[in-house]
Amino acid sequence: CEGRVEVYNGSSWGTVCDDWWDLSDAQVVCRQLGCGQPTAAPGSARFGLGSGPIFLDDVQCHGDEPSLQMCRHNGWGVHNCRHVEDASVICAGAWAAETTGSPRRSHRVGFKISLWLENGRNQCEGHIELFYKGHWGTVCHDFWDISDAQVICRQLGCG
């Protein structure tokens with residue numbers, strides 16, 4: 001697992017600035033992704049420049065927080081950065097996206113569960129995949145109805 005760090009605010013994705021970025025911050029991200037221990041916490045847009053908003057700056061984790069958003073930072077959208085300062089992580093483990101070649105942008109819905117939609121035309125369309133205990137999996141359609149779909153749509157900020 002490696003790449004630029006992005007966070008989801010409920011409606012869009014944004015990057016994290018590399019000011020104060022270190023292995024303690026990467027530890028939280030690698031754990032959130034189920035990717036083992038961090039081996040590096042590169043800055044300076046090591047994996048390319050992001051686009052859109054920069055959501056977090058001056059992130060200062062202890063390393064034991066359940067999510068990056070729980071770490072100390074300047075506040076959502078408060079920054080003095082440009083995308084040349086996007087933060088990245090390199091984790092020791094691998095995840096399912098590396099075998100399929102498709103990048104996964106997941107949304108945390110609980111302490112140990114993330115979800116995303118795959119093979120859709122946008123982030124609000126596709127089939128559901130959940131990340132739980134270090135693995136991605138699909139959701140069975142038995143008894144699936146519009147009420148279930150509405151919950152997923154709300155969790156992804158898709159209305």
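These notebook entries record what I looked up in a predicted model.

**Entry 1. Disulfides**

I searched the whole structure and found three disulfides. I then took each pair in turn.

**Entry 2. C17 and C81**

I noted a disulfide joining C17 to C81, with an S to S distance of 1.9 Å. The link of C17 and C81 is left-handed, with -85 degrees about the S-S bond. Where do the two partners lie? C17 is in the loop between strand 3 and helix 1 and C81 is in the loop between strand 5 and strand 6, so the pair ties together parts that are 64 residues apart in sequence. From C-alpha to C-alpha, I recorded 6.3 Å between C81 and C17.

I next checked whether C81 is buried or exposed. C81 has 9% relative accessibility and counts as buried because the cut-off for buried is under 20%. C17 is also buried, with a relative accessible area of 1%. Leaving out residues up to four places away in sequence, I listed the contacts of C81 as C17, D19, I54 and D57.

**Entry 3. C30 and C91**

The sulfur atoms of C30 and C91 are 1.9 Å apart and form a disulfide. The torsion about their S-S bond is about -85 degrees, so I entered this disulfide as left-handed. C30 belongs to helix 1 and C91 to strand 6, so the pair ties together parts 61 residues apart in sequence. I found C30 buried at 0% relative accessibility, and C91 buried with a relative accessible area of 6%.

**Entry 4. C61 and C71**

I recorded a disulfide from C61 to C71, S to S 2.0 Å. With 105 degrees about the S-S bond, this link is right-handed. C61 and C71 are each in the loop between strand 5 and strand 6, 10 residues apart. C61 is buried with a relative accessible area of 8%, and C71 counts as buried at 3% relative accessibility.

**Entry 5. C140**

I also looked up C140, which counts as exposed at 51% relative accessibility.

**Entry 6. The nonpolar core**

Which residues touch the most other members of the largest nonpolar core? Of its 19 residues, these are V5, V16, W21, L56, V59, L68 and V89. Helix 1 (23–33), strand 5 and strand 6 are the elements that give two or more residues to this core. Helix 1 gives the most, with four residues.

I followed V89 further and, leaving aside neighbours within four places in sequence, found contacts including V5, W21, A26, V29 and C30.

**Entry 7. T15**

My last look was at T15, which lies in strand 3 (residues 13–16). T15 counts as buried at 0% relative accessibility. Among the residues T15 touches are R4, V5, I54, L56, H83 and D86.

Terms used: Residues are numbered from 1 along each chain as its sequence is written. This is a predicted model: local features need pLDDT of at least 70, side-chain atom pairs count only at pLDDT 80 or more; totals for chains, interfaces and linings use all residues. Side-chain values use heavy atoms; hydrogens and water are left out. Buried means under 20% relative accessible area, exposed over 50%, partly exposed in between (1.4 Å probe, protein chains only). Contact means heavy atoms within 4.5 Å. A nonpolar core is a set of buried Ala, Val, Leu, Ile, Met, Phe, Trp, Tyr and Cys residues joined through side-chain atoms within 4.5 Å. A disulfide is a pair of cysteine sulfur atoms within 2.5 Å.
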